[in-house]
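Visitor: I would like a close look at a single part of this structure, with the cut-offs behind each term spelled out. Please take me through the internal cavity and whatever surrounds it.

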Amino acid sequence: MDSPDDYDSPWKEAVESYFPEFIEFYFPEASQQIDWTRGHVFLDQELRAVVQDAELGKRFVDKLAKVALRDGSERWVYVHLEVQGSAQAEFAERMFVYNYRLYDRYRQPVASLAVLADTTANWRPNHFGFAVLGCEHELRFPAVKLLDYATHQDQLYTNPNPFALVTLAHLLTQATRQDMNARFAAKWKLVQLLYQRGWDKQQVIDLFSVLDWMMRLPEQLKRSLWHNIEVLEEQEKMRYVTSVEQLYSEKWMQQGMQRGLMQGRAEGEAYALRRLLQKRFGPLSE
């Protein structure tokens, strides 16, 4: 079973690379109020200072960004992704604490937004507060449930926003945990979608990385997927696979090293070398 850490990095990279698209897809009303032409700035140091001060359990992905609104003002946006999480009683409290800590420290109004990627249908936290002796203090925050998109997958396949593809990958990963052949078919369909969107090379590489990390396959099916990609690129005359393959091999080796498996590194290097030789000289003998 995939662990939460399997989802951390690809989600984080996707949010950082495509932040306007992320807000537009999951929080369209908020996106309409933001003047994206003036750019955005991530406030990693500011968020890190507050998170270290107010650690309340496992965080998966969270970002703090400064954006300009269409009314000319500037606001801070705090985004928390509870990726592959479970129903936690303290989640809403954590959103509340981070919000008031950020305001207390920097005197900046903060919009807190949450994306819930758990599998508990009736867990939908969107507020936290208290009332005592006539004093009331409450935070209500928009929360998006990825599970809700499961009944609208046809719309996701036709939506050009990159996070429609990311959401599909997440849902299909959950749905194919016990069937790797079904996962292979779903992943191949999404890869083909990558090339049909008309995205540039870097976008294809970025989003392929997310798909590849989420929708992991056993070795035999992994090789079949690479063969399919090579055939597709020959047909479409798109030479993206070499860059993607290098990225794939590097991450494979890095994962092996992180787990202390030197064998993983050796296999990754051998696999990459074999692929390069095959491309240069054709099929290799045993």
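Guide: What follows goes from the cavity to the helix that lines it, and then to the aromatic rings.

The model is a predicted one, in which local features need pLDDT of at least 70 and side-chain atom pairs count only at pLDDT 80 or more, while totals for chains, interfaces and linings use all residues. Residues are numbered from 1 along each chain as its sequence is written, and side-chain values use heavy atoms, with hydrogens and water left out.

A search of the whole structure finds one cavity of 30 Å³ or more, where a cavity is a set of points on a 1 Å grid over the protein atoms alone at which a 1.4 Å probe fits but cannot get out. Its volume, taken as the space filled by probe spheres set on the points, is about 30 Å³. The lining, meaning residues with an atom within 4 Å of a point, consists of Leu-156, Tyr-157, Asn-159, Asn-161, Ala-164, Leu-165, Leu-168, Leu-193, Arg-197 and Trp-199. By class, seven of these residues are nonpolar, two are polar and one is charged; Ala, Val, Leu, Ile, Met, Phe, Trp, Tyr, Cys and Pro count as nonpolar, Asp, Glu, Lys and Arg as charged, and the others, Gly among them, as polar.

Two helices, α6 (153–158) and α7 (162–175), each supply at least two residues of this lining, and α7 gives the most, with three residues. Helices here are DSSP runs of H or I with at least four residues, and strands are runs of E with at least two, both numbered from the N terminus. The 14 residues of α7 should span 20 Å at 1.5 Å a residue, and its end C-alpha atoms are 20 Å apart, which agrees; the expected span is 1.5 Å times one less than the number of residues. Of those 14 residues 13 are buried, so α7 is largely enclosed by the rest of the structure, buried being under 20% relative accessible area, exposed over 50% and partly exposed in between, with a 1.4 Å probe and protein chains only. Asn-161, one of the lining residues, also caps the N-terminal end of α7, with a side-chain oxygen 2.8 Å from the backbone nitrogen of Phe-163.

Phe-163 leads on to the aromatic rings, since it belongs to one aromatic cluster with Phe-19, Phe-22, Phe-25, Tyr-26, Phe-27, Trp-36, Phe-42 and Tyr-149. The structure holds 18 aromatic pairs, counted where rings of Phe, Tyr and Trp (its six-membered ring) have centres within 6.5 Å, with planes under 30 degrees apart called stacked, over 60 edge-to-face and the rest tilted. The rings of Phe-19 and Phe-22 have their centres 6.4 Å apart and their planes at 15°, so this pair is stacked. Being three residues apart in helix α2 (residues 19–26), Phe-19 and Phe-22 are separated by about one helical turn, and both are buried. Tyr-26 and Tyr-149, by contrast, form an edge-to-face pair, 6.1 Å centre to centre with 80° between the planes. This pair links distant parts of the chain, with Tyr-26 in helix α2 and Tyr-149 in the loop between β7 (143–145) and α6, 123 residues apart. Both Tyr-26 and Tyr-149 are buried.

Note on methods:
On a 1 Å grid over the protein atoms alone, a cavity is a set of points where a 1.4 Å probe fits but cannot get out, and a pocket is an open set with protein on both sides within 12 Å along at least five of seven lines; lining residues have an atom within 4 Å of a point. A polar contact is a pair of N or O atoms within 3.5 Å; within protein, one must be able to donate a hydrogen and the other to accept it, and residues adjacent in sequence count only if both atoms are side-chain atoms.
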